Amino acid sequence: MYLSSTSSSNSNHSSHSSHSSNAGNAGNFSNQQFFEMPEMSDLSKTYFADFDERTEIAAKTPTRMGSYQFTVVPFQAAKGMLMQVERHGQRIISAHLPAMFTRGELLSASMRVRDTEYLLVAANSASKMLASGKRWLGIFRADGKNVYANVFDQQVMQIQPNQDGISMAFLNGDRMRIKL
């Protein structure tokens, strides 16, 4: 696996920046572009929008996506949720989700890279404030082996599949690529 990232705030090339500078146009509002903050429900619709197979996982109700079945139940011992994933009737993943994610959105998508199937699971914290929420992303092989997992303080706006992995776009304009 290979990780790379770019930051629009560190780039001097306009092709890497996803926002325009309006320095010198301080009084001219007609030329300025403003970014409208998306609602949380809109975020779940766009998060994995470019994946052919994707779903929103419901808590306490089994959810299917192709050959996968997701079950999320309260896990009182650790004050969180327990996410279990089965594939073809066999449990492949049993993961604890911290309390901050218990009332948030849980999303999943799958993709193939070089004849290997990958399952992506993303958890959004329950914070109604997009800027203060956290995001967790886990990438697993179809047999359940954990390939990547991380909690992001930056707000992930969209994850897109590409030929050799995924690209992630963050609210602040940063981008990150994960090669699988």
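I took a contact to mean heavy atoms within 4.5 Å. On that basis I looked up how far apart in sequence the contacting residues lie: of the contacts in the protein chain with a separation of 6 or more, 41% join residues 24 or more positions apart. I note at the outset that the model is predicted.

**Entry 1: overall content**

I counted the secondary structure elements and recorded 1 helix and 13 strands in the protein chain. I then followed their order from the N terminus and wrote it down as β-α-β-β-β-β-β-β-β-β-β-β-β-β. The helix thus comes directly after the opening strand in that order.

I next turned to burial and surface. Of the 180 residues in the protein chain, 41% are buried. For the accessible surface I noted a total of about 10,300 Å². Carbon and sulfur atoms hold 47% of that surface.

**Entry 2: the open sheet**

I traced an open sheet of 4 strands, ordered S3-S4-S5-S6, with antiparallel pairing. Strand S3 (63-65) and strand S6 (90-97) each have a single partner strand and therefore stand at the edges, with one side of each left without a neighbour in the sheet. From one strand to the next, I recorded an average twist of 25°.

Within this sheet I examined the pairing of strand S4 (residues 68-75) with strand S5 (residues 80-87), which is antiparallel and extends over 8 bridges. As a residue-level marker I noted Val 73, whose bridge partner in S5 is Leu 82.

**Entry 3: strand S7 and its partners**

I asked how many residues of strand S7 (residues 106-113) are buried. The count is 7 of its 8 residues, and I entered the strand as mostly covered.

I then looked up which strands pair with S7. Strand S2 (residues 53-57) pairs with S7 in the antiparallel sense, over 5 bridges. In this pairing I located Glu 56 opposite Leu 107 of S7.

Strand S8 (residues 116-124) also pairs with S7 in the antiparallel sense, here over 8 bridges. I found Arg 112 standing opposite Glu 117 in S8.

**Entry 4: the S7-S8 hairpin**

I went on to the connection between S7 and S8, a hairpin with 2 residues between the strands. I checked the backbone there and recorded a positive phi near 45° for Arg 114.

**Entry 5: summary of pairings**

I closed by listing the pairings for which I had looked up bridges: S2 with S7 over 5 bridges, S7 with S8 over 8 bridges, and S4 with S5 over 8 bridges.

Key: Residues numbered from 1 in each chain as written. Predicted model: local features only at pLDDT ≥ 70, side-chain atom pairs only at ≥ 80, totals over all residues. Heavy atoms only, no water. Buried < 20%, exposed > 50% of the residue type's maximum accessible area, 1.4 Å probe, protein only. Pairing = 2+ DSSP bridges. Areas by Shrake-Rupley, 256 points an atom, 1.4 Å probe, with all protein chains shown as cover. Axes fitted to C-alpha atoms, helices over the stretch in contact; angles between N-to-C directions.
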